[in-house]
Amino acid sequence: MRTNFDMLLQAGCHFGHLKRKWNPAMAPYIYTERNGIHIIDLHKTVVKIDEAAEALKNIARQGKKILFVGTKKQTKEVIAEKATSIAMPYVIERWPGGMLTNFPTIRKAVKKMSNIDKLMQDGTFSNLSKRELLQITRQRAKLEKNLGSIADLTRLPSALFVVDVMKEHIAVAEANRLGIPVFGIVDTNSDPKNIDFVIPANDDAKDSVEVILNACCAAIAEGIEERKVEKADEKAADAQTEAEAEEKRPARRARKEEAVAEEEAAPAAKEEEEAPAAE
């Protein structure tokens, strides 16, 4: 198990929203109600974290990217930290509308950012006035803030990991439309219907989000490591095959030379056989 009941309890993963704010679709994941607040069944959360972690590990093992999304103030720092630790892209500022459904346009904006960097480095901007330079610098800073964390995302992600699926409903809708699987921390006030891997838990508390991300990111790291090992094994196997082929080459060359010599000798032998008959 990647987490356990006590770890989740200590992190406050069991605290849901007020009963009056609940979404009835979350009923299967609610254990009880206390002081007007729903309490999430952490035994189910443990199972769901394991399911999600295994699926994420398989995606990472195939060398695919997982995009982490969470723009909530109290959790965005931990999302950025965990995603960076496993070299995955993330969005913690405003979700750029159409980021998935209109991906080529987003890539153009990212390219614009790298073009500004190149022009700054080669001195092209040295002749600009202070005002123009300030405008370009501000534009670059804005692009960096919104898109800097997805600069390495050259193609659509293979999965989305969303913290608070209700707040990030646009991201979820775009992923659903494109058939991209969504992993989500889902609180008692949210609808789990459009989430492929539901993790029922408190999505407001930093500790709650952190303990879940720790488990999921550890699984992704394992997948990345396994891919490296598989690639190293493949490389070693290819090298071994090449070495064996290299060893066989002299023998094949010798056999070929023998065959050529035999072919060349055959006409001469035939002439010798025919000579006495002619006499």
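A residue is called buried when its relative accessible area is under 20%, exposed when that area is over 50%, and partly exposed when it falls in between. With that scale in mind, this briefing looks at charged side chains in a predicted model, in which a search of the whole structure finds 16 salt bridges. Three of these pairs are described below, followed by a network and a surface patch.

**A pair within one helix**

- Arg140 has a relative accessibility of 17%, and because buried means under 20%, Arg140 counts as buried.
- The partner of Arg140 is Glu144, and the two side chains meet in a salt bridge with an N to O distance of 3.0 Å.
- Glu144, with a relative accessible area of 38%, is partly exposed, so this salt bridge joins a partly exposed residue to a buried one.
- Both Glu144 and Arg140 belong to helix α5, which covers residues 130-147, and they are four residues apart, which is about one turn of the helix.

**A pair between two helices**

- Glu222 and Lys57 also form a salt bridge through their side chains, with 3.4 Å from N to O.
- This pair links distant parts of the chain, since Glu222 sits in helix α7 (residues 206-278) while Lys57 sits in helix α2 (residues 42-61), and the two are 165 residues apart.
- Glu222 is partly exposed at a relative accessible area of 32%, whereas Lys57, at 11% relative accessibility, counts as buried.

**A pair between two loops**

- The side chains of Lys72 and Asp164 meet in a salt bridge of 2.6 Å, again taken from N to O.
- Lys72 lies in the loop between β4 (66-69) and α3 (76-85), and Asp164 lies in the loop between β6 (159-163) and α6 (169-178), so this salt bridge ties together parts that are 92 residues apart in sequence.
- Lys72 counts as buried at 8% relative accessibility, and Asp164 is buried too, with a relative accessible area of 9%.

**A network of shared partners**

- Some salt bridges share partners, and in this way Arg2, Glu54, Lys57, Arg61, Glu222 and Glu226 are joined into one network.
- The network therefore includes Lys57 and Glu222, the two residues whose side chains meet in the salt bridge of 3.4 Å described above.

**A patch of positive charge**

- On the surface, Lys248, Arg252, Arg253 and Arg255 gather in a patch of positive charge.
- One of these residues, Lys248, is found in helix α7, the helix that also holds Glu222.

Terms used:
Residues are numbered from 1 along each chain as its sequence is written. This is a predicted model: local features need pLDDT of at least 70, side-chain atom pairs count only at pLDDT 80 or more; totals for chains, interfaces and linings use all residues. Side-chain values use heavy atoms; hydrogens and water are left out. A salt bridge is a side-chain nitrogen of Lys or Arg within 4 Å of a carboxyl oxygen of Asp or Glu. Buried means under 20% relative accessible area, exposed over 50%, partly exposed in between (1.4 Å probe, protein chains only). Patches are made of residues with over 30% relative accessible area and no salt bridge: like charges are joined within 9 Å, nonpolar side chains (Val, Leu, Ile, Met, Phe, Trp, Tyr) within 5 Å. Accessible areas come from the Shrake-Rupley method with a 1.4 Å probe; for residues, only the protein chains shown count as cover. Lys and Arg count as positive and Asp and Glu as negative; His and the chain ends are not counted. The place of a charge is taken as NZ of Lys, CZ of Arg, CG of Asp or CD of Glu.
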